Amino acid sequence: MKEVRTRFAPSPTGFMHLGGLRTALYNYLFAKKMGGKFILRIEDTDQERFVEGATEVIYDTLRGCGMNWDEGPDIGGDYGPYIQSERKSLYLPYAQQLVKSGHAYYCFCTREELDGRRAAAEAKGEVFKYDKHCLHLSPEEIQAKLDAGVPYVIRQNAPTEGESSYDDLVFGHMSFPNDTLDDMVLIKQDGMPTYNFANVIDDHLMGITHVMRGLEYLSSTPKYNLLYEAFGWEVPQYIHLPTVMRDATHKLSKRDGDAYYSDYVDKGYLTEALINYLALVGWNPGDDREFFTMDELIDVFDVHRLNKAPGIFDVDKLTWFNHHYICQMDFERYLELVTPWFDKVLAGKNIDYRRLAQLMQERTEVFNRVPDMVRFLAELPDYDVELYTHKKMKTNPDVARTALNLMKPVLEGVEDWNETTLHDTVMAAIADAGMKNGAVLWPLRIAISGQQNTPGGAIEIAWLLGKEETLRRVDDGLKRLENA
RNA sequence: GGCCCCGUGGUCAAGAGGCCUAAGACACCGCCCUUUCACGGCGGCUACUCGGGUUCGAAUCCCGACGGGGUCACCA
């Protein structure tokens, strides 16, 4: 059996769209699963859109996600170059070959003429389709225009009758009436190939066996097939992928800041969580497993389990995956990753990051939520004494006053400020006073944190804060309770 | 609008004519655990878009409607 070769062919826009990333993922998984090759090709024929450093974004994202290509611009291969702009001289001869065989023709219509005809068609409520006007030019007329240097494009000569069909591995048998096929431009006026043409030529020249790409190409595929057939080339297997949506009616978009890989990385999502989740939007392993490493994905991946229906990207589920991966990760790595987020609000505050990280790791869902969770350590937030009321803990402002008055001397008496001593001393004092743990610890935690939810309990927070600050906050709490 | 695709709970999804009074996960709600939250445990809520067929029997097959998406560039 022939070696499977898939490719990911992004345009260097400077950003990696999540839909594109998922396409890359599936291409990678399929190639690896089949023991084949995964090729990276950069489609930069549109020079106007050139963005500095954009190819590096593609390289970094793919590598960062663990998808290493077997052939590509930076590592070479037997079918290079892998950057389309470096291949530009290659396409014209192929187009001319099609002109000779009658599968394409020169077109001298100007953009203005075309726009006019398009507008006229639309005015009549019709769909504009190139009318093959230039197909009927005589050889002499064509040669004369060519000799005179009249600008031209080369168009595909698509059939107008019958129908074209092909089999898609996901969508099954696809059939389209030929009269809906437009004579698409193959070579632009500037001599450069259109994306549509370059794609076919490159895929063939690079020996691509399976073309896996977004659904948007589903209906233009017949035109590509016509090209393959005109050249007498083998048509690749097609695997079109359903769209990744933001909600039922919208795609993930740049404007909403929810479309790019970097948007999520910046917020504090882990690449392994992103990849794991993305793999499951539009595909499933057929059983209940949800957590997969890249190797495990390769092992279980099967194109037949790809879904046809579009999938909505659910940030909550992604967050759940992220939380899972954060909990699983090595503590030292967590500490390293969380430190910059601590720094945003705790820099210079003399807080023990290591201990705080221990308390925070299993409570971290997404890193960008960390600052708000630990900010109270830097500065006591203003809070309402109502926080001292908690039914289950059997506390209210009165109980809280008693509790804090009980705790104040106890804490002042703690010489060796460490968690064990703190814990034992505090618990003993509560027992001696005959109070409930919750009735004392709840008010204490509120007084020193100023908020309802905190990472860790009263003892841990008191230790993190240090004796001086803890006592200062207890006094502050007492003062608030007096006024209440 | 033409052509094409899709349609199981709020979301991802299993389901390929009887195993479906439809799995699992996320989210949500309740209870338990707990010095808060989180974690964990237990339980709950919510779905086959609709209408016709075919069949002894349909979420599964067919037709239609409706809904959503894609595509109709010298952009990729």
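# A tour of helix pairs and an RNA surface

Start with helix 12 and helix 13 of this predicted model. F331, E332, Y334, L335, V338, T339, F342, D343 and L346 of helix 12 touch Y353, R354, L356, A357, Q358 and M360 of helix 13. Colour these residues by class. Ten are nonpolar, two polar and three charged.

Now select the whole helices. Helix 12 covers residues 331–346 and helix 13 covers residues 353–360. How do their axes cross? They cross at roughly 105° and come within 9 Å. Angles of 65 to 115 degrees count as roughly perpendicular, so helix 12 is roughly perpendicular to helix 13.

**Next stop: helix 3 and helix 6**

Select helix 3, residues 91–101, together with helix 6. Their axes cross at roughly 100° and come within 11 Å. That makes helix 3 roughly perpendicular to helix 6. Show the side chains where they meet. Helix 3 brings Y91, Y94, A95 and L98. Helix 6 brings F197, A198, I201, D202 and L205. How many residues of this contact are charged? One is charged, eight are nonpolar and no residue is polar.

**Then: helix 16 and helix 18**

Move to helix 16, residues 419–433, and add helix 18. These two pack at an angle of about 130°, with axes 9 Å apart. They are therefore oblique to each other. Turn the view to see the crossing of helix 16 and helix 18, which is right-handed. Pick out E419, L422, H423 and V426 in helix 16. Facing them in the contact are I459, E460, A462 and W463 of helix 18. By class, five residues here are nonpolar, one is polar and two are charged.

**Last stop: RNA strand B**

Show RNA strand B and the 62 residues around it. Which residues come nearest? They are S11, K188, N284, R363 and K392. Colour the surface by class again. The surface near the strand has 24 nonpolar, 18 polar and 20 charged residues.

Look at the RNA side too. Of its atoms within 4 Å of the protein, 71% belong to sugar or phosphate. The rest belong to bases.

Zoom in on three atom pairs.

- R118: a side-chain N or O atom lies 3.2 Å from a phosphate oxygen of RNA strand B.
- E362: a side-chain N or O atom is 3.3 Å from a base nitrogen of the RNA.
- G457: here a backbone N or O atom is 3.3 Å from a base oxygen of the RNA.

Finally, zoom out and select the elements that give two or more residues to this surface. The helices are helix 4 (111–123), helix 6 (195–205), helix 11 (315–328), helix 17 (437–449) and helix 18 (458–465). The strands are strand 4 (153–156) and strand 6 (172–177). You have met two of these helices already: helix 6 in its contact with helix 3, and helix 18 in its contact with helix 16.

Note on methods:
Residues numbered from 1 in each chain as written. Chains lettered and ligands numbered in written order. Predicted model: local features only at pLDDT ≥ 70, side-chain atom pairs only at ≥ 80, totals over all residues. Heavy atoms only, no water. Near = heavy atom within 4 Å. Polar contact = N/O pair within 3.5 Å; in protein donor to acceptor, adjacent residues only side chain to side chain. Helix = DSSP H or I, 4+ residues; strand = E, 2+ residues; numbered from the N terminus. Nonpolar A, V, L, I, M, F, W, Y, C, P; charged D, E, K, R; others polar. Axes fitted to C-alpha atoms, helices over the stretch in contact; angles between N-to-C directions. Parallel < 35°, antiparallel > 145°, perpendicular 65-115°, else oblique. Left-handed = near helix turned anticlockwise from the far one by under 90°. Contact = heavy atoms within 4.5 Å.
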